[in-house]
Amino acid sequence: MNQPHQLSGSTNGCEGETHKTKKTFWRTLEELAGSESQTNLVKRLEQHAVMIENALDRRDFIKLMSASLALAGITGCSVQQPTEHIVPYVRQPEEIVLGKPLFYATAMPMAGYAMGLLVESHEGRPTKIEGNPAHPASLGATDLFSQASVIGLYDPDRSQTTMYLGEIRSWGVFLEEFLKDISKQRASQGAGLRILTGSVTSPTLADQIKGILTAFPKAKWHQYEPAGRDTAREGTKQAFGDYVDPIYHFENADVVLSLDSDFLCAGPGSVRYSRDFMNKRRPDVSNPNMSRLYVAECTPTNTGAKADHRFPMRAAQVEGFARAVAYKLGINLPGSGATPYTDHSDAIAALARDLQAHRGSSVVIAGDYQPPIVHVIAHMMNESLGNIGKTVRFIDPVEANPTNQLESLRQLVNDMNAGTVELLVILGGNPVFTAPIDLDFPSALSKVQTRVHHSLYYDETSALCHWHVAAAHYLESWSDARAFDGTVSIIQPLIAPLYSGKTEHEMMAALSNNPDQTSYDLVRKYWQQRHGTGGSTGGSSQTSTTPGQASSPPSNTTGVAPALPNPPDGFDQWWRKSLRDGVVANTTAAERAVAIRNSQQAGTASNIPPLNPGEFEIVFRPDPSIFDGRFANNAWLQEIPKPFTKITWDNTALISPATAQRFAIEIDPARRGGEHGNMVSDVIELNYQGRTLHMPVWILPGHPDDSITVHFGYGRIRGGDTGSFKGFNTYLLRTSFAPWFDVGLKIRKLDETYELASTQAHHSMENRDLVRAATLGEFKQNPKFAKSEADDPSKSKWLFPNWSYPGYAWGMAIDINTCIGCNACVVACQAENNIPVVGKIEVMHGREMHWIRIDRYYSGDEHNPETHFQPVPCMHCEDAPCELVCPVEATTHSSEGINEMTYNRCVGTRYCSNNCPYKVRRFNFFRYADYDTPVVKLQKNPDVTVRSRGVMEKCTYCVQRINEAKITAEEQDRTVRDGEITPACAQACPTRAIVFGNINDPNSNVTKLKAEPRNYGMLADLNTRPRTTYLAEVRNPNPEIKTE
Amino acid sequence: MHRVFHPSSNIIARVTIFGGLIIIAGICWVVYAVGTSSYVTEVAVPRSQPVPFSHQHHVSGLGLDCRYCHTTVETSAFAGIPPTATCMNCHSQIWTDSPMLQPVRDSYRTGVPLVWNRVNNLPQFAYFNHSIHINKGVGCSTCHGRVDRMPLTWEEQPMEMQWCLECHRNPNKVLRPRDQVFNMEWQAPTDQVTKGAELANSYHIRDTHYLTSCSTCHR
Amino acid sequence: MARTDEVETVENKEAKDALAQPPVIGPGYDFVSITDKIASIVQRGTPVGWYLGFAIPFILTMMLLFAIGYLFAVGIGAWGVDIPVAWGFAIANFVWWIGIGHAGTLISAILLLLHQKWRTSINRFAEAMTLFAVACAGLFPLLHMGRPWFFYWLLPYPNTMELWPQFRSPLVWDVFAVLTYFTVSLVFWYIGLIPDLATLRDRAKSKWAWRAYGFLSLGWRGSADHWHHYETAYLILAGLATPLVISVHTVVSFDFSVAIVPGWHSTIFPPYFVAGAIYSGFAMVLTLAIPIRKAFGLQDFITMRHLDNSAKILLATGLMVTYSYLSEAFFSWYSGNIFEAYVELNRIRGPYWKMYWILVICDVIAPQVFWFKRARNNIWTLFIISILVNVGMWTERYVIVVTSLHRDYMPSAWGMYSGSVWDYATIIGSIGLFLALMFLFVRLLPTISIAEMRTLVPGSKGSEAK
Amino acid sequence: MIGKRKAKLFGLSAEYADPQHLLEAARMICDAGYTKVSAYTPYPVEGLADIIVTKKRRVAAIFLIGGLIGGLGGFFMQYYAAGITYPINVAGRPLFSWPSFIPITFELTVLGAALFGAFGMLAINGLPQPYHPLFNVPRFSLATQSRFFILVEVKDPKFEYDATRRLLERSQPRVISDVYDW
């Protein structure tokens, strides 16, 4: 995949492109303005994309066929075709092989932290995101956000120009004005200058800001992330007296206790963590062991779903629980336990024993949404269990300038209200929408003379600023960022900015008065400095800022790794290597020795008052699919069914079944598309701190009683065509003093209902052995527990002889045990296979198009059920029921056992879907594919047909990848190697739960998995002989704890 | 009143019956003929191009190899269409002021690409890969005809599914030694049957069932 | 020779019948009066009532065309179909119409073979009904395709793709079955019409009517040879049509029973469907016969005896259908297959329980009143019950199609279905089309076979001379 | 009457009011040795065919042939399509899965038989034949309504105008008319 020559070449390529497109880059105003910019855009792109135009013309072909029935009647496809054009390069970059994709290593900064990526590019069009195996945060996998980010690049709603009070201005004009303002500030040493960013790990950016802060001593730099990690940060500070970042090593952990932490699916390291964690949970005959996971949590999370013991409790009770465990571990804790936790006492005792039994091989991890004290307790437990240095290591903060962001923001608001802020530069972020409601950021903002907002969209904040500068997407930018473990990645652009966006570096360069530096120059220059003399002496002497006061200029080049030695073979080689690998060598942060301070200093109990009867706890969480709202306009993410509720396009108030009963709250399937689609939910009124919000509810099994979870990020007003006016803005209830949870919520059932689009409203498996599960004990006694007589096709009586599949026989094994339901596979599939988005209405009609879905079932009591995730793609049955009933041979079987779907032969009787017991077939009820918006066409995968209206489609095992690999292999006169073909879903999967390969090859990974005792075929007793099989789920409960 | 059909009506009746049958058959035949005619398939119809590029001149005249312009034909699905720069390799030296080449020079100067009219055209849902065919010993002329004799390029074959299937069901009859792939003059030897079989064997051509599986060409 | 004995038996039987029940034809008719009576319906001027009656179905037909236009414009998504219920109204309508289309050919063919004299006065419009019903039925498989402009891919014809229909698919069987059924019924109907067309030709007043009927009657003269060959052919056609009728709905039932969907995958389906078809067919015959005989004063030809017999057949077939329901329910329990069991229970008490009980009331309970002669002889009872049965039979198809699909194997994919406004427009429109065709038929062609009625006139038997 | 052509006698027709007279007349004429005789009735009169129809054609045979063509053709078509021309693995079923081919084979058998039979019958009856000399007899229009006719053709070797006419008169017809051809 990433042969060096390609990637080394790629760097030139990218530089080449940036330079080449400079001329098209500086546009005149009239071109920027008006509808014409679209066409300009396409013109500009022709240079990148040779085949785009005709590829798109061809799409009209099917429609054309319909027109010319008579001729088609006799000669099938040979109606006269419209003339198509080939638009070659003028000067073709030598690394580009037309028709072959290139892969470039880069990284996606998410809330500051880097996710290392390899991006597939077709003739200059980035089309697909993959993980970078060399990157510590990715290991070749991705989360759903990075998978989906590629259509963010092509989003037609992205801001395309610089604006002044909503009117288009040129970058030049902006600079003039901007520099004027800056020179004013120079006089006052920047007393009126404020910079507001999100969390920053980018060494270059940090260095730039540092430079600015030295030039403007009185200026201040504030950081704010709505879903920030203040509590974790403060936790370490209270525990160790200094900001440090914990790194967890689940690969060494036999017992894990999560205190409301969703370490599998949330946070900068989650993709890596989930891999490490799940590697210890693949029991087979040779090694029938697995780690054990205890989760005490409020809102059900994917981590909780995989727990062997899950203790649901209100968020406020987690501290009490933690204290109870710590007490059993004999730790003497700071502060008196807020409200002592009384339930599960035996369980807690057993849990403590279990932890003690695994000193040095256990992990206690606290959630970002828990108060600092819980983190402190977690750290203390780890210390007393001797985990620190073994399963938990600490490093200097990855953030360039760690600070208590809420306090930092509050201080900014105070300054603004005081009128001391004259020039405010907001880099990214959308504080007007996301800032805590009690700070009343908008009104404070209005007191600032000049406000500049640099962002991807003209959003709520832009609307309240004088200047708006269109930001460049990270796939268009030169930059750098650090992973959760400190490793640095250089971010290189895949394509010249589509909409003449600017990077943060260019903004800062302008601020430091040399605007014509390109971000490429800046990043490269910075790293040149970092070598040899340019560098600095390590971040160990990290300047820490006490809460409440924004950072004074950092003493040195911030907290990045120490100065790099001069590379042996020169900087250019180093630079190329870093770009090619996607990681900068030896930048992983070194471990830092820490010690718990005297426990009495270390933090105090977060004194959350107990819950008054009749009142509720309100819990805030970032939305699982659009995060803090920044992805609101990303249609892929909007249409992802959220892991538990399976709701798309909306957010709801999550309540426990008991609570729902108390208020007679109901969710009923609608007459049309109910259960799989349209659910009609009651609306409730949330009344908190005198602020009220009306919201639909979702009854969520496993959610603790008397507690209500709301996800923030929805309810955007300026979120673009896709993102605006979807869901409900819960930021309106979120305050700065209780950003994550608080008591004192009152609710009232209203006499309204609201229609939700939920793709799976049915909770129970109805006693069908679709997901087969056992405990580790049962597994050890009977490893074949998942097998069943009926499943074995060879035994089943069958009228016909079976076909033989010599040569390749493709098959897939999916390990339900390691699936964490994170949805990465779903988005990956959507990106790879040009799967259209259908919108809320169509989802409500049960017409979503995802080729792979993640089924969620509950078992056990609804108060604290077991949750099962089961990814369901096409099973590629050898005796496929769908094929038998197709009247036109549109779905057939290939010589390698793939259940092929030939779209252009399909007439759309939908009989195959009826006859598919797995219901994995998807139908284009309307013309879902977007043939009209030029820019979104650029994302389409040229190796996959874009489906027209009226045809069936489904998972193909990514046959385009299979064919590509086979052709490559045949040209080299060899057979395809195991692992050479990876379907999009398998490639994205963080835990490698999906494995694909040749089941005729006894040594292939998939064959080995299918040989495992846990392997079974779903509904195989129908004698469908599925090629996709599952590895049954095994949980490892503590035998000492009897599940109540 | 009393009416009687004219005696001739008997003959008329019978004639119309059989005539009708003949006419229907005729219509079917016409539709089929039109459908397969070069008007519809555009076979052997030279396409107009922004620059009247002559393969005849460049290939048989100057003896350029196919791969000089179609660089990726051996490595990629797409044979490759030369960038303006490739034309200018020579035409910056020769015919530097020929009006015919004005568009090429303009393109080179302004950076605005030439827009060629596509000649060999498959529908969007059929995925053809040049490299594998080249590597398995399918010659250019087998599908594209004697391009070296085309002053203006035309489509040699209808490129309909049945035409593809002909070879995919029986590749042997078109296989040639790899070193002959780019040879425009190559003619099938008299013992092609045996030769083809040998080649198919040594080039590991897959069996018919594989070659005619839908997903071989459609995805 | 055999024929004469046969005649005897038939006569004896008739004699007995004559005592038992009203005759199949009113008293005092001779060749002339019969001919006049029936032919005059076609030949006298169009009554105003006809226009008024025709207006409504005509409007509905226009609505159908509009619905179809919209469907083709935007796509099948206009309907209520979704995943998992990818078949909805369209297929239910299809099966319903095909079922209705069964009575016609059945009456003419089977009753002809059984020498049931009472068939003669209803077979003609029953056959017409068949044709129009099948035509309506044929609409739906076409409309419900995602890309209807490629319908011809279901037909075998040489093409450049070298592809053929997939002959293992019940849908392809359907295509052949329905087309065959339509063609054979049409031929059967037309052959039966020829002598009457000749009659109309010879009675024609206007030149154009004479031309038209003259052309259609092919110069029929009713010579002894003609009649001889004609009768043989007609009898064999009947012999062919009979198994055909059975086969067609059997094939239609394969659409379901060949699939593995629980609630479809059942061996009882073929007989169950055939019985159901005859059931709904006869119901429709009654629904049409009752108004027609009233409107055109045909009480003497379509006598109470006809209605009585039809009612008995309704009762019989109704019981067969009931048996099928019961055996389905029994086996869903007896099979021990959790999927089958669930589907049955889900039908009875699931989200669609109303539909299920409607069908039980209409198809099982309603016809039971026909045990009583009084009910069988009361026009209104007959009419209402026949309509109930039609409704019930549609509901049955709806239940079969929808409730089986909406909760099959994977609870994760369970979903609800209900028709969109376009679904309703299409089914109602198709009923309009059907009625419109019926109106045209009664206006333009003899509603009752004149030639055959003549054979019922006393003294029509030449052999009586012997 | 029609055009300029002059009429020539085609035969003699007699009209009867009821089937009994018709049958007697027919029997009498045939006994008298006439061969070119035909009878016309508004509905099939039983027994008439035994007396008068001389050349009985095997309509049934045509049905049989049609059925065979339809059935065999249909079955082979399916076999050819599924197994020979483009063998595709469908649902793991064998290429020649004959059980699936039965329904269509049956349907095509019926179709073939019906079409052959129906059109065969018309052909045997020499239809369509819009014109026939009898139609020149105005009263003959009653033959499709209420009256019964017998026609003795001139072609008949025993035909002698007077004798034949006398013979017919003996069978108490309603009317005897000369039939002319043009």
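**View 1. A lysine that is neither hidden nor fully out in the open: A:Lys100.** At 26% relative accessibility, A:Lys100 falls in the partly exposed class, because that class covers values between under 20% (buried) and over 50% (exposed). Keep in mind that everything in these views comes from a predicted model. What does A:Lys100 meet in a salt bridge? Its partner is the side chain of A:Glu964, with 3.2 Å from N to O. The two come from distant parts of the chain, 864 residues apart: A:Glu964 belongs to helix H33 of chain A, while A:Lys100 is in the loop between S1 and strand S2 (102-110). A:Glu964 is partly exposed as well, with a relative accessible area of 28%.

**View 2. A second long-range pair in chain A: A:Glu615 and A:Lys746.** Here the closest N and O atoms of the salt bridge are 3.7 Å apart. A:Glu615 sits in the loop between helix H23 (570-581) and strand S20 (616-622), and A:Lys746 sits in strand S27 (residues 741-758), so this pair ties together parts of chain A that are 131 residues apart in sequence. Are the two partners buried or exposed? A:Glu615 counts as buried at 15% relative accessibility, whereas A:Lys746, at 43%, is partly exposed.

**View 3. A salt bridge tucked away in chain C: C:Asp196 and C:Arg124.** The closest N and O atoms of this pair are 3.1 Å apart. C:Asp196 is part of helix H6 and C:Arg124 is part of helix H5 (residues 120-143), 72 residues away along the chain. Both residues are buried. Over all chains, the salt bridge count comes to 83.

**View 4. Where chain A meets chain B.** This contact takes 55 residues from chain A and 53 from chain B. Together they bury about 5000 Å², with 56% of that area coming from carbon and sulfur atoms. How many salt bridges cross this interface? There are four, and one pair to look for is B:Arg206 with A:Glu896, whose closest N and O atoms are 3.4 Å apart. Those two also belong to a salt-bridge network with A:Lys966, A:Glu970 and B:Lys136. Polar contacts link 25 residue pairs between the chains (both at pLDDT 80 or more). Helix H33 of chain A gives the largest share of the side of chain A that touches chain B, seven residues.

**View 5. Where chain C meets chain A.** Chain C brings 64 residues to this contact and chain A brings 70. About 5500 Å² is buried between them, 59% of it on carbon and sulfur atoms. C:Ile83, C:Arg147 and C:Met410 supply 14% of the area that chain C buries here, more than any other three residues. Two salt bridges cross this interface. Look for C:Asp408 with A:Lys919, where the closest N and O atoms are 2.7 Å apart.

**View 6. A cysteine in chain B: B:Cys69.** You'll find B:Cys69 in helix H4 (residues 66-69) of chain B. With a relative accessible area of 18%, B:Cys69 is buried. Which residues does B:Cys69 contact, leaving aside neighbours within four places in sequence? They are B:Gly80 and B:Pro82. The C-alpha atoms of B:Cys69 and B:Gly80 are 7.3 Å apart, though eleven residues separate the two along the chain.

**View 7. A nonpolar patch on the surface of chain D.** This patch of about 680 Å² has D:Tyr79, D:Phe96 and D:Trp98 among its members. Helix H3 (residues 59-85) gives the largest share, four residues. D:Trp98 is in the loop between H3 and helix H4 (102-124), and D:Trp98 counts as partly exposed at 48% relative accessibility.

Notes: Residues numbered from 1 in each chain as written. Chains lettered and ligands numbered in written order. Heavy atoms only, no water. Patch = residues over 30% accessible without salt bridge, like charges linked within 9 Å, V, L, I, M, F, W, Y side chains within 5 Å. Areas by Shrake-Rupley, 256 points an atom, 1.4 Å probe, with all protein chains shown as cover. Buried < 20%, exposed > 50% of the residue type's maximum accessible area, 1.4 Å probe, protein only. Contact = heavy atoms within 4.5 Å. Buried area = accessible area lost by both parts, 1.4 Å probe. Polar contact = N/O pair within 3.5 Å; in protein donor to acceptor, adjacent residues only side chain to side chain.
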